[in-house]
Each structure stands twice: as structure tokens, then as C-alpha cells.
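Subject: Structure handover

Hello,

Here is the structure I promised to pass on. Please open it next to this message; my notes follow below.

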Amino acid sequence: MTGHKLIEWQDDLSVGIDEIDSQHKTLVDIVNELHQAVAERRGKEVMQEILDRLDEYTRIHFATEESLMRIFHYPAYETHKETHDQLIDQLRHIRKDFEEGHGGVTFELMQVLKNWLVKHIQHSDKEYTPYFMQGKLSSNEAPKSWFERLWPWGARKESRETTE
Ligand SMILES: [Fe+2]
Ligand SMILES: [Fe+2]
């Protein structure tokens, strides 16, 4: 085990919305896990599994943000979604190259992923917070139910209380 994490979670990564912060933390964890695996020269199967998880969770996270943006008529939706699509595309190439043995996951690549994630959160993601908060307040609902309605896979436990 090395004690060094590629990305340390810091307050300046918070967008001010707990549920989204927790998704970002999960992404940071997976990126750190991949970096650790590179450092430890783990085998192909381990790398593949982490890459698959990174790809899957990235898609879930982007889908969450994009649905919130549409619901709250976020004006920068198109450009934001474009940057999401670019990363999804990049991840697809990384996985394909890795699968076919054309390219390994390197420290340089990890640095690219880190920079992308940190910059995207600090610049693009933080810009939607005022819009989401405004939309939430005017929707006249308690924050909890507001988020549960929009984000069912993040709140399965609580929402099961309702009997059908
Ligand atoms: Fe985003
Ligand atoms: Fe994000």
C-alpha cells in the first residue's frame, strides 16, 4: 500500500450539493484506485475491472447531472453535455486500447484523468449550483424529496417506505 493518493478530496471540490458531492467522491475514489493499481502494476483483469467501473459510474454521474440540468433549464446544458460526451468517448478509447493491448494505463494518462475531473468539477460543475438551488427552492418541496424524485437510484432505501 502506498499512502499517496492521486486526488485528495478537498473542500474546493465541493459543489455545495451533498448528493452530487458524494457522487464526485466516488469518482475520485475510483480514479485513485486505478492510479494505485497502476503503481502496483496490477494485472490486466484487475485494471479492466476498475476501468469498467470507472466508465459505468461516470455514465451514471453524468446522467444525474444532465437530468438535473434539463429539469432546471440550465442555460449551459449543451456545452456541459458536450464535455461529458468527450470524456465518455475518451474513456471508451482508453478501454478499447487497453483491451486490445495497444496501450497501457500510464501515470501520464492518470494525470490527464485527474486534471479533467478536478477542472471539470471546479469550473463547469460549480456553475450549475445556483441554478439547481434556485430551482429546488421554487419547487416548494423539502430538499430530501426533491432529490429523491430526481435521483431514484440514490435514494432507494428511503423511498421503499411508500406502499403500493
Ligand atoms: Fe459535469
Ligand atoms: Fe460532475
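In what order do the elements of the chain run from the N terminus on? The order is α-α-α-α-α-α. That makes six helices and zero strands. Please keep in mind that this is a predicted model.

Some totals for the chain. It has 164 residues, and 12% of them are buried. Take the contacts with a separation of 6 or more: 68% of these join residues 24 or more positions apart.

**Helix H1**

H1 covers residues 18-39, which is 22 residues. From first C-alpha to last it reaches 31 Å. The expected value at 1.5 Å a residue is 32 Å, so the two are close.

Which residues of H1 are buried? They are Ile20, Gln23, His24, Val28, Val31, Leu34 and His35. These residues sit on the same side of H1, because they cover an arc of only 140° around the axis. The face turned away from that buried side carries Asp18 and Ser22, both exposed.

**The core**

The largest nonpolar core has eight residues. Three names in it are already on the buried list of H1: Val28, Val31 and Leu34. The others are Ile50, Val105, Met110, Leu113 and Leu117. Both H1 and helix H4 (107-138) supply at least two residues of this core.

**H2 against H3**

H2 spans residues 44-71, and H3 spans 77-100. H3 has 24 residues, which should span 34 Å at 1.5 Å a residue. Its end C-alpha atoms are 34 Å apart, in agreement with that value.

How do H2 and H3 pack, in angle and in distance between axes? The angle is about 170°, and the axes are 11 Å apart. Angles over 145 degrees count as roughly antiparallel, so H2 and H3 are roughly antiparallel to each other.

The residues that make this contact are:

- From H2: Met47, Leu51, Leu54, Asp55, Thr58, Arg59, Phe62, Glu66, Met69 and Arg70.
- From H3: Tyr77, His80, Lys81, His84, Leu87, Ile88, Leu91, Ile94, Arg95 and Phe98.

Phe98 also comes up in a pair with Gln48. The two are 50 residues apart in sequence, yet their C-alpha atoms are 7.9 Å apart in space. Gln48 lies in H2. Is Gln48 buried, exposed or partly exposed? Gln48 counts as partly exposed, because it has 15 C-beta neighbours inside 10 Å.

**Positive phi**

Three residues to look at on a backbone plot:

- Arg41 follows H1 and has a positive phi, near 50°. This residue is not a glycine. It is found in the loop between H1 and H2. With 9 C-beta neighbours inside 10 Å, Arg41 counts as exposed.
- His73 has a positive phi near 50° and is not a glycine either. It is found in the loop between H2 and H3. His73 is exposed, with 9 other C-beta atoms within 10 Å.
- Gly101 follows H3, and its phi is positive, near 75°.

**In brief**

The chain has six helices and zero strands. H1 keeps its buried residues on the same side. H1 and H4 each give at least two residues to the largest nonpolar core. H2 and H3 run roughly antiparallel. Arg41 and His73 have positive phi values without being glycine.

Best wishes

Notes: Residues are numbered from 1 along each chain as its sequence is written. Chains are lettered from A and ligands numbered from 1 in the order in which they are written. This is a predicted model: local features need pLDDT of at least 70, side-chain atom pairs count only at pLDDT 80 or more; totals for chains, interfaces and linings use all residues. Helices (H or I, at least four residues) and strands (E, at least two) are DSSP runs, numbered from the N terminus. A residue is buried if 20 or more other C-beta atoms lie within 10 Å of its own, exposed if 12 or fewer, and partly exposed in between; C-beta atoms are placed from the backbone. The arc is that of the directions from the helix axis to the C-beta atoms. A nonpolar core is a set of buried Ala, Val, Leu, Ile, Met, Phe, Trp, Tyr and Cys residues joined through C-beta atoms within 7 Å. Two residues are in contact if their C-beta atoms, placed from the backbone, lie within 7 Å. Axes are lines fitted to C-alpha atoms, for helices over the stretch in contact, and angles run from 0 to 180 degrees between N-to-C directions. Angles under 35 degrees count as roughly parallel, over 145 as roughly antiparallel, 65 to 115 as roughly perpendicular and the rest as oblique.
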